Structures are given as C-alpha cells and as structure tokens.
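Open your viewer, switch to a cartoon view and keep the selection tool handy. We will make a few stops together.

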Amino acid sequence: MLVPVLLLVLGLVILIFGANYMVDGASALAKKFNISNLAIGLTIVAFGTSAPELVVNSFAAADGYSDIVFGNVIGSNNFNLFIILGITGLITPLAVQSSTAWKEIPISLIAVVILFMMVNDQIISPDQTSLLSNFDGFILLFCFLAFLFYVYKQLKNDDVAEEDNIKLLSPLKTTIFIIGGLAGLVLGGQLVVNNAIDIAENMGISQKIIGLTVVAAGTSLPELATSIVAATKKNADIAVGNIIGSNIFNIFLILSTASLIKSIDFNLNFNQDLYILAGGTLFLLLAMFTGKRKRLDRWEALILLVFYLGYTTYLIMQEL
C-alpha cells in the first residue's frame, strides 16, 4: 500500500514540474516571436495549468476509467472554485475587471450547463445510456475554439501595457524545457492514474472519490500556486482569471479530448457534484454584484472554503 501512495505523490510532483517547465519553455518561445504577455497568460499559461488534467484524463479515457475522467475534471473545477478561490480570497479581497464579472464567469456557468445536458441523455430519452460520446466531444471542442476566438477578440480590444517579466531562453534550453516538460506530463500522468486505481482498490474506495479528491487536488496544484502568488501580489485579475479560465479549459478542452479518444460512460452520481459546481459558480457570479461590486470579499471566500471542506469530508465519510 505504501508503494502506490509514494508513486502517486511522485507522479503528482512530476506532473507539476512538467507543467512548469513546459509553460516556461512555451512562454519563452512565444516571447521570442513578440506575442504579448497577456496573450501568453490567457492561452499558454492557462493550457499549462490544465495540462496535468489533460494528460491524466487522456490515459484514463484510453484505459476505460470513466469515473477517474469525470471525477478529475469535476473535482478539479470544484477544487479550483471553492478551495483555491476560498484561500486566495481570504488572503486579499479579489476585485476583478468588468469582463470577468459579465462574461468569463457566465461562460464558465454555461459550460457546466452544456456538460450536464450532454451527459444526462436519459432526460431526453429514458432508453439512452448516459455517456459523453465522440459527437459530444466535437461539440465541446467547437465550444473551446469559440472561447479562444472570444479571448482573441478581447485581446484586440484591450490596451494593456507590456510587461517584460518572461525570461528569454536559448533555443536549446527552450527545446529542452518544452520536450522535457511534455515527457514529465506523460510519465506523471501514467503514475497518477495507475496508482490512484491501485489505492482505490486496496482501500475499497471508489474511483469516483479518488478522482474527486486526490487526483483532482493534485492536478490543481498549478492553479493553486499561481493564484496564491497572484493574491499575495494583489493581482486579482490573474488570481480569478486563472481559475475561471482553467475551469472553462477543463470542460471544453479536457473532456472533449478524452471523449474523442473513447466515449466515456457517465455515473449519474456525479450529478450531485455538477449541481455543486453550478451552484458555486452562480454564487461567485452573485458575489460580483453584492457588497463591493465586482469583488469577492473575504466573508464570501470563507463561505466557499468552509462549504467545500465540509462537503468533501461528507463524501469521504460515506465511503469509509
């Protein structure tokens, strides 16, 4: 039992370092071609922090571990929303731009609704099996491309001063960072999936709970680190934008990729977690228009954090 736990932790560490190196290398490459820091943050860095989920879910989908796939994405999104925003909001109240309050947060809520409708086929036809099909994957991928187009349009409309905070690397170092980072993601992803399944089987805990807790929290570590650093530097746009962007990436890109590899059976028990994700996103949206407008206050962040800690404890107690 000790060996799978140690290998799981090792896999998570490799995932985090792999994502960091890949982001650094890709950012340096983008900087070399004079792509703005804002564009880098909204695209390359956002993808980089979601890369662990992408790799874990690709392996899990290929091996048929559907509960790990949905548990990882839904669990990561809930962890991002409740735990990470809860912690960062306690560090400092998070004031955001109008576009975040009026556009990005609603888009993340729409993403949850689209996913719910896709995986609950029995609502439309009781005879259908609940799954995320290849066709659903194409629709999610289209939604992801539409979101990228929205980001592109936002960049054209924004007049942001350029900050030179990305280090240029030599061509050799850039190549090593990108290839080494991707290799780390692949190796770490395999270690996480295989050993999470072993732990679940040895402890009699369902793959659903492992996916919602251990795997979800582990693959969300890049978002956690990014948002905490941003909060301590009083950069609320990065702290909140990182989370909302990652949640949109997870549903539109990660699940589309996994379902295009293989159609994924949906456990209806995950609906409860989708309700919580939708409710938490709606709470965040309402928080933007209560108290001080377009700001997540400390007491609102505390509600997010305490609620999800209690809910996770409840889930684990049900399994034991």
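Helices here are DSSP runs of H or I with at least four residues, numbered from the N terminus. Keep in mind as you click around that this is a predicted model.

With that in hand, select L182, which sits in helix α6 (residues 171-203). Is L182 buried, exposed or in between? Its relative accessible area is 41%, and because partly exposed covers the range between 20% and 50%, L182 counts as partly exposed. Now add K153 to the selection: K153 and L182 are 29 residues apart along the chain, and their C-alpha atoms are separated by 29 Å.

Next, go to helix α1, residues 2-32. At 1.5 Å a residue, its 31 residues should span 45 Å, and the end C-alpha atoms are indeed 45 Å apart, so the two values agree. Just past α1, click on N34, where phi is positive at about 60°.

For contrast, select helix α7, residues 207-219. Its 13 residues would reach 18 Å as a straight helix, but the end C-alpha atoms are only 16 Å apart. Try colouring α7 by accessibility: 10 of the 13 residues are buried, among them I209, I210, L212 and V215.

Last stop: show helix α8 (residues 221-232) alongside α7. How do the two axes meet? They come within 4 Å and cross at roughly 50°, which means α7 is oblique to α8. Display side chains for A217, G218 and T219 of α7, which meet L221, P222 and E223 of α8. The residues of this contact divide into 3 nonpolar, 2 polar and 1 charged.

Technical notes:
Residues are numbered from 1 along each chain as its sequence is written. This is a predicted model: local features need pLDDT of at least 70, side-chain atom pairs count only at pLDDT 80 or more; totals for chains, interfaces and linings use all residues. Side-chain values use heavy atoms; hydrogens and water are left out. Helices (H or I, at least four residues) and strands (E, at least two) are DSSP runs, numbered from the N terminus. The expected span of a helix is 1.5 Å times one less than its number of residues. Buried means under 20% relative accessible area, exposed over 50%, partly exposed in between (1.4 Å probe, protein chains only). Axes are lines fitted to C-alpha atoms, for helices over the stretch in contact, and angles run from 0 to 180 degrees between N-to-C directions. Angles under 35 degrees count as roughly parallel, over 145 as roughly antiparallel, 65 to 115 as roughly perpendicular and the rest as oblique. Contact means heavy atoms within 4.5 Å. Ala, Val, Leu, Ile, Met, Phe, Trp, Tyr, Cys and Pro count as nonpolar, Asp, Glu, Lys and Arg as charged, and the others, Gly among them, as polar.
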